[in-house]
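Here are some notes to go with the model as you click through it. Keep the viewer open and look up each residue as it comes up.

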Amino acid sequence: MSEIEELQKLLEIIQNKEESTYLNENVCVDILCKLLNKGKLELINSTDGSVFYTKDALYKQIYSMLELSNGRLNISFAARNLNVNMDIINALIRDLQKTDHCNKILIYNGDIISNNYTNNIFEKISRDLQNIGILSLNELSQIYNLSIGYLKGELVNKINSGLIQGKIIQKTNKEQLVISIKYIDIVSSIIRGCLSVAIKPVLIDNILDCTYCDKAYIGDIIQKYINSKIIFGFIIHDDIYIPQVYYIEQTNYIQNFILNNGYININKLQEILNTIGVNISNNNSILKWLKVNIKLSNSKYIIIGDHIIQYSFIENILTNIQDCIINHINVLNILPLLPCILNANINSSYLEDINSIVKYMYNEYPYNRHKFDWFIICYDETTNKFTIELNEINYIWDSDQYIALNYNENGLLIRKSFDPLNTLFFFPHYYCIINGSTIYKMQNIFCKEVEEIIKNMDITDHTEISYKDSYSFIQSLISEYNRKQYILHYFEDLLHDLCGITMENIDDITISMKFEDLVWNFLILSTSVYLVNIYNARLSDIFNKSNTSYTLHIEDC
């Protein structure tokens, strides 16, 4: 028998004796210290040196304290109560984690947590989940002072093993939720019932308010219903459900509006398209969408100003213009041929829009350039100016600016290639197109009468008239000889046709000048330069200034 065994046996005999002979405390301490120093005994001394513990004794003490604290014990509290160094307690607990697989000790945030404690927590979570239907991991973490990561990992394991009936989802704001299978069924039923009867867009947040669930998860449920054709529609912007019936209703509205009116405002169309999830920012894309989705017999469209107009209007105008030319019709009123949005009472920029239509017809159909010459004539009564737009070239006649015209021996020409029989003069203020041959006749009558005045008048002032003053000179000349009514009498029938169609049938004229006066002023402005050349030539002959050949000054514009 070894020495240590003999000492242990002797110590046991002495302790069991009932005699009053005992080893005093100092002797016992000396014996223990010798044993400890020789490594024959493993004990843990308290911090004050008054108590010696074996590991098993400390294990039992820790388990006892853990049980008394309902499964969760603060390590520093245990160290203070046992009066043992903190590092020794931590080492003992780590040993327990490795060796005690039954209790499954967990160390978290300075606490020792038993397996029973965590089991009780998850049993309560399971009960609450079935009763409430939805729990927040953030809130659970705060209630039980456990990390979200630990709770989520344990919940996933228990859900996968069937111990908890539920599912973990992540909200849009990154918050994680635990929802029960029963709650999922309730949410799904609410969503299905709500969207099955929806006839207008539904904000997913509104469903969220009813069910206290995340809209991203609701969106997933909606998408599954859409994919399985349980409901019919689609989600836009991740938060709005568009029922198919609403999409069809809006596209039918667009189609019927265009069918009945021949146009639609671009901004209005974009507003409607935005409500059905069609986000189009450029006009070309809008035209493509209309061509694909709006099924009309004539599905071609053009953009004029702020409006999309059916191309059939352009075709109709072209057809009528050709009839005007072929049948020598003096004037064509295009107001009945235009969509109502180009009415002056509705559209303040109708002049620009009408001019755009004429430009479109000229640019899109080059063959018409060989058929028609286009002259868009606009009058500004505030400045008394006529602006004539000829194939995108501007001619302006006024008292301050002169741009020469071209002529031949037969009378006034607007340009060298001018053919009066195939020329159209368009007065957008009055929605009328005047046949070029009609204007040509009126110019010839006007020039003939004024030339007669110049030929027979007495000229005493030998000062030539400048082109700049040509309009005022011709106007004063006619006024001086009182020839206006006399000249107008020659084309009374023509003016009757013009004035009748433009004044009697159109209520929304935007200028106060009578059309007769407008035509009269245009005749003076368009012929005054030519007539001043006639006057200056006679002036030169009378005063015999030179034998210079008089040719008309021509400037390219």
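Which residues does Gln244 touch, not counting residues up to four places away in sequence?

1. Let's settle that one straight away: Gln244 touches Phe232 and Gly233. You'll find Gln244 in helix 12. With a relative accessibility of 40%, Gln244 counts as partly exposed, because that label covers values between 20% and 50%. Try finding Pro201 too: Gln244 and Pro201 are 43 residues apart along the chain, and their C-alpha atoms are separated by 9.6 Å.

2. Now zoom out for the overall picture. Bear in mind that this is a predicted model. The protein has 21 helices and 22 strands. It runs to 557 residues, of which 44% count as buried. Take the contacts between residues at least 6 apart in sequence: 61% of them join residues at least 24 apart.

3. Next, helix 5, which covers residues 86–99. Does its length add up? Its 14 residues should span 20 Å at 1.5 Å a residue, and the end C-alpha atoms are 20 Å apart, so the two agree. Its buried residues are Ile89, Leu92, Ile93 and Leu96. These cover an arc of only 100° around the axis, which means they sit on the same side of helix 5. Here's the general idea behind that: an α-helix has 3.6 residues a turn, so residues three or four places apart point the same way. On the face turned away from the buried side of helix 5, look for the exposed residues Asp87 and Lys98.

4. Back to helix 12 (residues 244–261), this time with a partner. It packs against helix 14 (residues 283–293) at an angle of about 100°, and the axes are 11 Å apart. The two helices are therefore roughly perpendicular to each other. Helix 12 makes the contact through Tyr247, Thr251, Ile254, Gln255 and Ile258, while helix 14 brings Trp289, Leu290 and Asn293. Sorted by class, that contact has five nonpolar, three polar and no charged residues.

5. Finally, a second pair to look at. Helix 18 (residues 470–480) packs against helix 21 (residues 515–543) at about 95°, with axes 8 Å apart. That angle makes helix 18 roughly perpendicular to helix 21. Among the residues making the contact are Phe473, Ile474 and Ile478 of helix 18, and Trp520, Ile524 and Tyr535 of helix 21. By class, this contact has 11 nonpolar, four polar and no charged residues.

Technical notes. Residues numbered from 1 in each chain as written. Predicted model: local features only at pLDDT ≥ 70, side-chain atom pairs only at ≥ 80, totals over all residues. Heavy atoms only, no water. Axes fitted to C-alpha atoms, helices over the stretch in contact; angles between N-to-C directions. Helix = DSSP H or I, 4+ residues; strand = E, 2+ residues; numbered from the N terminus. Parallel < 35°, antiparallel > 145°, perpendicular 65-115°, else oblique. Contact = heavy atoms within 4.5 Å. Nonpolar A, V, L, I, M, F, W, Y, C, P; charged D, E, K, R; others polar. Expected span 1.5 Å × (residues − 1). Buried < 20%, exposed > 50% of the residue type's maximum accessible area, 1.4 Å probe, protein only. Arc of directions from axis to C-beta.
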